Amino acid sequence: MDAIVATRHWLEEVVIGLNLCPFARGVHLKRQIRWVESPARDVDGLLADLVRELQLLAAADPEAVDTTLLIHPHVLNDFLDYNDFLDVADAAVVQLGLDGVLQVASFHPDYRFEGTAPDDAGNLSNRAPFPTLHLLREDSIDRAVAAFPEAATIYERNIETLRRLGVERWRALMAVPTDAG
């Protein structure tokens, strides 16, 4: 399965379709998302790709590229390994002098919030078809939060939405049509 096609489908059908992130629709419609599939087969290769994408995003005009989805289907498929890598990703942001400028959000097919059961529907909010590092501009986050006065309630609303939806209906939304791509 094409990782970018599957991830774009997830963004459109799940993230935007269920309004899990009220900020995603705008950047998607304006085509301000950079979609990157990493060819990395190990952590060092992924780190090199991450550093390159952080530098590219920091240098890009926000009107052209506001955010990046770095999809890495060949490395960190184990969620615990992926979760450990997030510290490495955050350290890369700091080492590049981009702390306070960019941040990394995390999505994984087996995402699990601390203290939840693996099958808890609340975990679905951060489950993408492939391991994905979402690179975000902090200025964009600040503007979005200012425009959405109840931003602090998004997380709770998402969990409620996903629990009502249920795992089976979520899986149906995630299924990429065979003619996609």
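Select arginine 164 and glutamate 160 first: their side chains meet in a salt bridge at 2.9 Å, N to O. A salt bridge here is a side-chain nitrogen of Lys or Arg within 4 Å of a carboxyl oxygen of Asp or Glu. Both residues sit in helix α6 (residues 154-165), 4 residues apart, about one turn of the helix. Helices (H or I, at least four residues) and strands (E, at least two) are DSSP runs numbered from the N terminus. Arginine 164 counts as exposed, with 57% relative accessibility. The classes are buried under 20% relative accessible area, exposed over 50%, and partly exposed in between, with a 1.4 Å probe and protein chains only.

This is a predicted model, in which local features need pLDDT of at least 70 and side-chain atom pairs count only at pLDDT 80 or more, while totals for chains, interfaces and linings use all residues. Residues are numbered from 1 along each chain as its sequence is written, and side-chain values use heavy atoms, with hydrogens and water left out.

**Two further salt bridges**

The structure holds 6 salt bridges. Go next to arginine 52 and aspartate 49, whose side chains meet at 2.4 Å, N to O. This pair lies in helix α3 (residues 43-59), with 3 residues of separation, about one turn of the helix. Arginine 52 is partly exposed at 41% relative accessible area, whereas aspartate 49 is buried at 9%.

Then pick aspartate 66 and arginine 137, a salt bridge of 3.7 Å, N to O. The pair links distant parts of the chain: aspartate 66 is in the loop between α3 and β2, arginine 137 is in strand β4, and 71 residues separate them. Both aspartate 66 and arginine 137 are buried.

**The sheet**

From arginine 137, extend the selection to strand β4 (residues 132-137) and add strand β2 (residues 67-71); the two run antiparallel and are joined by 5 bridges. Within this pairing, threonine 67 has leucine 136 of β4 as its bridge partner. Strands count as paired if DSSP finds at least two bridges between them.

Now show the whole sheet. In what order do its strands lie? The order is β1-β2-β4-β3, in an open sheet of 4 strands with mixed pairing. At the edges are β1 (33-37) and β3 (102-107), each paired on one side only. Neighbouring strands are turned by 20 degrees against each other on average, direction ignored. Axes are lines fitted to C-alpha atoms, for helices over the stretch in contact, and angles run from 0 to 180 degrees between N-to-C directions.

**Helices across the sheet**

Add helix α1 (residues 3-16), which lies across β1, β2 and β3 and runs at about 140 degrees to β1. Contact means heavy atoms within 4.5 Å. Helix α5 (residues 138-147) lies across β3 and β4, at about 75 degrees to β4.

**The full chain**

Finally, display everything. The protein has 7 helices and 4 strands, in the sequence pattern α-α-β-α-β-α-β-β-α-α-α. The C-alpha trace spans about 40 × 40 × 40 Å along its principal axes. The radius of gyration is 16 Å, which agrees with the value near 16 Å for a compact globule of 181 residues; this radius is taken over C-alpha atoms, and the globule rule is 2.2 Å times the number of residues to the power 0.38.

Colour by burial: buried residues make up 45% of the 181 residues. Among contacts between residues at least 6 apart in sequence, 74% join residues at least 24 apart.
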